[in-house]
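This report looks at the spaces inside one protein model and at the surroundings of its ligand. The sequence and the structure are shown first.

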Amino acid sequence: MGKIIRDIGKAEKENFELIITGGGIYGIMLLLEASRRNIKTLLLEKNDFGGATTLNHLKTVHGGLRYLQSLDLVRFRESVNERKWFVKYFPEYVSPMSCLMPIYGNGLKRNSVMRGALMLNDIFSFNRNIGITENKKLPGGKILSNKKTAKMFEGVDTKGLKGSALWFDANIEEFQRLIMSVLRKSVDLGSVPLNYVEVKELKTENNKVKSVKCVDVESGKEITFSGDVVINAGGPWSREISTKFDKDFPELFKKNLMLWNILFDRKALSDCAMGLTPKRGHGHTYFFHPWKGRLLVGTGEIVVEDIKNDVKVPEEEIDKFIDDMNSAIPGINLKKKEILKIYAGILPATKSGKLSKKPATIDHSATGGPEGLYSISGVKFTTSRLVAEKTIKKIFPDKKPAGYESIFNGKEDTENITFEYDEIVNEKSINKLKKIVEDESVLHLSDLVLRRTSLGENPKRALDSIDKLKTLFKKEIAWWEKEKTETEKLLKVEAGS
Ligand SMILES: Cc1cc2nc3c(=O)[nH]c(=O)nc-3n(C[C@H](O)[C@H](O)[C@H](O)COP(=O)(O)OP(=O)(O)OC[C@H]3O[C@@H](n4cnc5c(N)ncnc54)[C@H](O)[C@@H]3O)c2cc1C
C-alpha cells in the first residue's frame, strides 16, 4: 500500500485540482472519493490525521435503528448501506456487535413497539449481508425473555423488566488503522496527504480559487500550494475557516455541541453493547460499549460557546455522567477514579442545541464568494463517505470513479496491526510499528501511540511501553526526552490524573 511521504517541497511545485483543508474523517473520505476519480488532490491537516473530533467517536458504525422512530427511511437506508461499506471493505477492523436494550415500559420503549421496530429494521436492511463474508454477517433482531436478558447481562435491573430487544450493529475495533488504510489507498491512487500543515489564507484571482497560504507547523515556514478547488472540511473549525476565506456561514455550525464518551478501568458488563436509561428521569439513553472487553460509555453532551483544540469536559458534567451510570445499573458503583480516558469532541448543533440531523454543504460562489470554494460540515462518522461522495460528484460531475472492488481488491490490509486491550508491545509488534513509523508520516511519538495504533487506548499499557518504542525513532536524545514527556502528559491527562 502507498506510503505517506511528507514532501512539502514537491507538493509546492504541483498544481492540484483539489485541496482539502482538514484531515478528520470528512477530509479523509473526500480524499478517497476524489482519488478514485483520478482527481489530483492535496489534503492538509494542521495537526495529525484524524486527531480531533474523529479520534473521539464511539467506535460504532450505526445502522440507523433510531431513525425508524421518526420513520426517516432515507437516513435509515443511508446508514445501513454505509455500515455495509465499512464491514465489506475493512473486515480486519470492523465487526458485528450485538446490542441489547432492556425493556421496562411504556411509550416507544414498550415490548410491542420494539418488536415492530426490530422487524422493520430487518426488512429495510434486507441487503445488509449481500457480499459480506460469513463471519461478518449481521443476524436479524429479536425480543428476548427476562431469563435470556439476565443471561446476557447479569446486572440487569429486573424490577419491572419486560424482556429486551436484541439487534446488531458494527463496531470499529482498530479505528486508527482504518483511517490510515483509507489514507494509504488514496496515496496509491496518486493523492497527497500532509499532516502538520495549517491552512491560513485563501488566495484568489478574478474571484476564483488560486492557492492556499499555509504554515508548516513543524518548521514554522510559510508555504503556498496551488489548486483550482478548495474544500473546507475543518470540522468544528469549518465556520472559522469559511469566515477567513469568504464570509461566515452559521449553518455550518449553528451551535457547538460537546459530546463525550468515558472509558472506565472495568470489565465490560456484557458481551453486548447496551442501551440503558438512568432511573432518575431525564430520559437520556447511554450506550455501554464492550470495547475490547472494557467498559466504554457514551454519550454525554452539553452546548458550549467556544471551540478549543483541547476539548475538556467540565468536572461537574463528569460527576453527573457517573451518577447517571450508577442510576442506570443498580450496584455498579462506578467511581471517578476509575476513569481511564475521556473522549470528547465538538459536533454541530441546531439553534435549540440538539445534534444537527443533516450535514451542511456550501458552494461559496452561489452567494458571490470565490468560485471553486466549498465548505462542508458533517455529523456522523458512519455517513462520512456518502457525504464525501455526494460532494465530489457535485463539484466534479464528469469524473468517473474507479470501483471499490478494484481499489480494495478484496485483500486485507497488509499493514494491519491490532492490539488486544492488555497486549503489550513485543518483538513482533515492534517490527510492525517500525514499518508504520517509516511509511505513515509519523512525526511525533504521540502520532504513533494515539493516532496510528490503538496502543494509547489503554493508557496504562502505553505508559509502560514507551521506552520500548525509542529504537523506532532515529533521533537525538533531547528530541526523544521531549516527545516522551509530552506523550506521557497526554496519556496521564487523559487517564484523569
Ligand atoms: C464523543 C463522540 C462520539 C461519537 N460517536 C460516533 C459514533 O459512534 N458513530 C458515528 O458515526 N459518529 C460518531 N461521532 C461523530 C463523528 O466522530 C464526527 O461526525 C466526525 O468525526 C467529524 O469529523 P470531521 O472530519 O468533520 O471533524 P474533525 O475530526 O474535527 O476534523 C477536522 C480537522 O480539520 C483540521 N483543521 C481545522 N482547521 C484547519 C486548518 N486551518 N488547516 C488545516 N487543518 C485544519 C482539524 O485539526 C481537524 O483534524 C461521535 C462524535 C463524538 C465527539
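The sections below take up the ligand, its shell, a pocket and the cavities.

## Ligand contacts

The model is predicted. In this model, 36 residues surround the ligand. The closest of these are Glu45, Thr53, Thr54, Val379 and Thr382.

Backbone atoms of the protein come close to polar atoms of the ligand at several positions. A polar backbone atom of leucine 58 is 3.0 Å from a nitrogen atom of the ligand. For threonine 60, the distance from a polar backbone atom to a nitrogen atom of the ligand is 2.9 Å. An oxygen atom of the ligand lies 3.3 Å from a backbone N or O atom of lysine 380. The ligand taken alone exposes 1,000 Å², and the protein buries 97% of that area.

## The shell around the ligand

Which elements each supply at least two residues of the shell around the ligand? They are helix 2 (25–35), strand 8 (197–205), strand 11 (255–267) and strand 15 (339–349). By class, the shell holds 17 nonpolar, 15 polar and four charged residues.

The shell also draws on two domains, with at least three residues from each. Domain 1 covers 8–54 + 176–253 + 356–405, and domain 2 covers 95–168 + 255–349.

## The second largest pocket

The second largest pocket holds about 330 Å³ of space. Its lining is made of 18 residues, and those closest to the centre of the pocket are Glu78, Lys358, Pro359, Val387 and Lys390. Two or more residues of this lining come from helix 3 (73–89), and two or more from helix 9 (384–395).

Helix 9 contributes the most to the lining of this pocket, giving five residues. The lining divides into seven nonpolar, four polar and seven charged residues.

## Cavities

How many cavities of 30 Å³ or more does the structure hold? There are three cavities of that volume. The largest cavity has a volume of about 40 Å³.

The residues that line the largest cavity are Arg83, Asn121, Asp122, Ser125, Arg128, Pro139 and Phe168. By class, this lining has two nonpolar, two polar and three charged residues. Pro139 and Phe168 count as nonpolar, Asn121 and Ser125 as polar, and Arg83, Asp122 and Arg128 as charged.

Technical notes:
Residues numbered from 1 in each chain as written. Predicted model: local features only at pLDDT ≥ 70, side-chain atom pairs only at ≥ 80, totals over all residues. Heavy atoms only, no water. 1 Å grid on protein atoms, 1.4 Å probe; cavity = no way out; pocket = protein on both sides within 12 Å on 5 of 7 lines; lining within 4 Å. Points joined across faces, edges and corners; volume = space filled by probe spheres on them. Near = heavy atom within 4 Å. Polar contact = N/O pair within 3.5 Å; in protein donor to acceptor, adjacent residues only side chain to side chain. Areas by Shrake-Rupley, 256 points an atom, 1.4 Å probe, with all protein chains shown as cover. Helix = DSSP H or I, 4+ residues; strand = E, 2+ residues; numbered from the N terminus. Domains from an automatic or database assignment.
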